[in-house]
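User: I am a first-year student, and I would like to know how the terms used for a protein model are justified. Please set each value against its cut-off.

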Amino acid sequence: MSSRRVLTGITTSGTPHLGNYAGAIRPAIDASRPAGVESFYFLADYHALIKTADPARVQRSTLEIAASWLAAGLDTDRVWFYRQSDIPEIPELTWLLTCVAGKGLLNRAHAYKAAVDRNLAEGLDPDAGVNMGLFMYPVLMAADILMFKAHSVPVGRDQIQHIEMARDIAARFNHLYGEHFVLPEAAIDESVATLPGLDGRKMSKSYDNT
């Protein structure tokens with residue numbers, strides 16, 4: 001019987017918080033326990049680069065998040081547990097996917113649209129302060145998922161769009177070059193709401209509002 005693959009990661013941009021536990025760590029650990037499941041869980045240090053320019057913060061966060069996974073019960077004898085930057089094929093695949101990803105698709109990414117809307121509200125150029133790391137973020141996330149042919153990705157509700165975009169990019173690549181990638185599905189725990197931070201925004205390591 002073929003195994004079902006589950007994958008998720010946490011960005012190493014700050015100290016892990018309750019939202020990480022409820023939205024990613026706990027659902028992922030639960031998903032790894034049934035027979036016939038192969039799990040891939042990673043520390044997303046490349047993703048952290050668009051949220052912080054402090055290498056010491058990324059390094060500290062990497063250790064803190066790894067410790068949180070393990071303290072929550074992650075069984076490293078049953079799962080693949082790795083740091084994103086230790087897999088050189090991920091940025092290689094990112095470039096290949098970039099060559100089939102439509103700009104129109106990336107224009108619709110929530111994080112990019114939020115940055116544009118904020119700039120327009122302040123009377124600035126729409127792309128003021130927007131770097132290509134932010135704009136291409138969904139392609140790197142697609143590479144994370146498609147590299148390991150994940151079927152299911154446990155995420156919070158705010159990440160559903162990224163899984164949908166990964167599906168779109170995978171489908172385009174498969175159409176051009178043959179059936180290479182699995183089309184992933186988001187796994188959402190409907191009992192978990194998006195948790196607010198101390199400032200009322202979404203609880204986030206990079207906002208320092210936990």
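**Values against definitions**

Analyst: The model is predicted, and 9 aromatic pairs are counted in it.

User: Why is the pair of Tyr 41 and Trp 69 called stacked?

Analyst: The ring centres of Tyr 41 and Trp 69 are 5.2 Å apart, with 10° between the planes. Centres within 6.5 Å make a pair, and planes under 30 degrees apart count as stacked, so the name applies to Tyr 41 and Trp 69. The two rings come from distant parts of the chain: Tyr 41 belongs to strand β2 (residues 37–44) and Trp 69 to helix α3 (residues 55–71), 28 residues apart.

User: How do you know whether Tyr 41 and Trp 69 are buried or exposed?

Analyst: Buried means under 20% relative accessible area. Tyr 41 has 0%, so Tyr 41 is buried. Trp 69 also counts as buried, because its relative accessibility is 0%.

User: What makes Phe 42 and Tyr 82 a stacked pair?

Analyst: Their centres are 5.5 Å apart and their planes differ by 15°. With limits of 6.5 Å for a pair and 30 degrees for stacking, Phe 42 and Tyr 82 therefore qualify as stacked. This pair also links distant parts of the chain, with Phe 42 in strand β2 and Tyr 82 in strand β3 (residues 79–83), 40 residues apart. Phe 42 is buried because its relative accessible area is 5%, and Tyr 82 is buried because its value is 12%. Phe 42 and Tyr 82 also belong to one aromatic cluster with Phe 40, Trp 80 and Phe 148.

User: Which residues have the most contacts inside the largest nonpolar core?

Analyst: They are Leu 7, Leu 97, Ile 145 and Ile 169, in a core of 37 residues. At least two residues of this core come from each of β2, α4 (89–98), α5 (103–107), α6 (110–121), α7 (132–147) and α8 (160–177). The largest share, 10 residues, is supplied by α7. Domain 1 (1–86) and domain 2 (88–147 + 155–190) each give at least three residues to this core.

User: What does Leu 97 touch, apart from residues up to four places away in sequence?

Analyst: Leaving out those residues, Leu 97 touches Val 139, Ala 142, Ala 143, Leu 146, Ile 169, Phe 173 and Phe 181. Another core, of 13 residues, lies apart from the largest one, and its members include Ile 29, Tyr 41, Ile 65 and Val 79.

User: What makes an empty space a cavity and not a pocket?

Analyst: A cavity is a set of points where a 1.4 Å probe fits but cannot get out, while a pocket is open. The count is 1 cavity of 30 Å³ or more. The largest cavity has a volume of about 30 Å³, and its lining consists of Ala 109, His 110, Ala 111, Tyr 112, Leu 134, Tyr 137, Pro 138 and His 162. Two or more lining residues come from α6 and from α7.

User: Which residues line the second largest pocket?

Analyst: The lining is made by Tyr 46, His 47, Leu 49, Ile 50, Pro 91, Thr 94, Gly 133, Met 136, Tyr 137 and Leu 140. This pocket has a volume of about 180 Å³. At least two lining residues come from each of α2 (45–48), α4 and α7, and α7 gives the largest share, 4 residues.

User: Why is Lys 149 called partly exposed?

Analyst: Partly exposed lies between the limits of 20% and 50%. Lys 149 has 41% relative accessibility, so Lys 149 counts as partly exposed. Lys 149 sits in the loop between α7 and β4 (152–154). Its phi is near 50°, a positive value in a residue other than glycine. Most residues other than glycine have a negative phi.

User: Why does Arg 33 get the label partly exposed?

Analyst: The relative accessible area of Arg 33 is 49%, and exposed means over 50%, so Arg 33 is partly exposed. Arg 33 is in the loop between α1 (18–32) and β2. Not counting residues up to four places away in sequence, Arg 33 touches Gly 73 and Arg 78. Arg 33 and Asp 75 are 42 residues apart in sequence, with 9.1 Å between them in space, C-alpha to C-alpha.

Definitions and conventions:
Residues are numbered from 1 along each chain as its sequence is written. This is a predicted model: local features need pLDDT of at least 70, side-chain atom pairs count only at pLDDT 80 or more; totals for chains, interfaces and linings use all residues. Side-chain values use heavy atoms; hydrogens and water are left out. Rings of Phe, Tyr and Trp (its six-membered ring) pair if their centres lie within 6.5 Å; planes under 30 degrees apart count as stacked, over 60 as edge-to-face and the rest as tilted. Buried means under 20% relative accessible area, exposed over 50%, partly exposed in between (1.4 Å probe, protein chains only). A nonpolar core is a set of buried Ala, Val, Leu, Ile, Met, Phe, Trp, Tyr and Cys residues joined through side-chain atoms within 4.5 Å. Domain bounds come from an automatic or database domain assignment. Contact means heavy atoms within 4.5 Å. On a 1 Å grid over the protein atoms alone, a cavity is a set of points where a 1.4 Å probe fits but cannot get out, and a pocket is an open set with protein on both sides within 12 Å along at least five of seven lines; lining residues have an atom within 4 Å of a point. Grid points are joined across faces, edges and corners, and a volume is the space filled by probe spheres set on the points.
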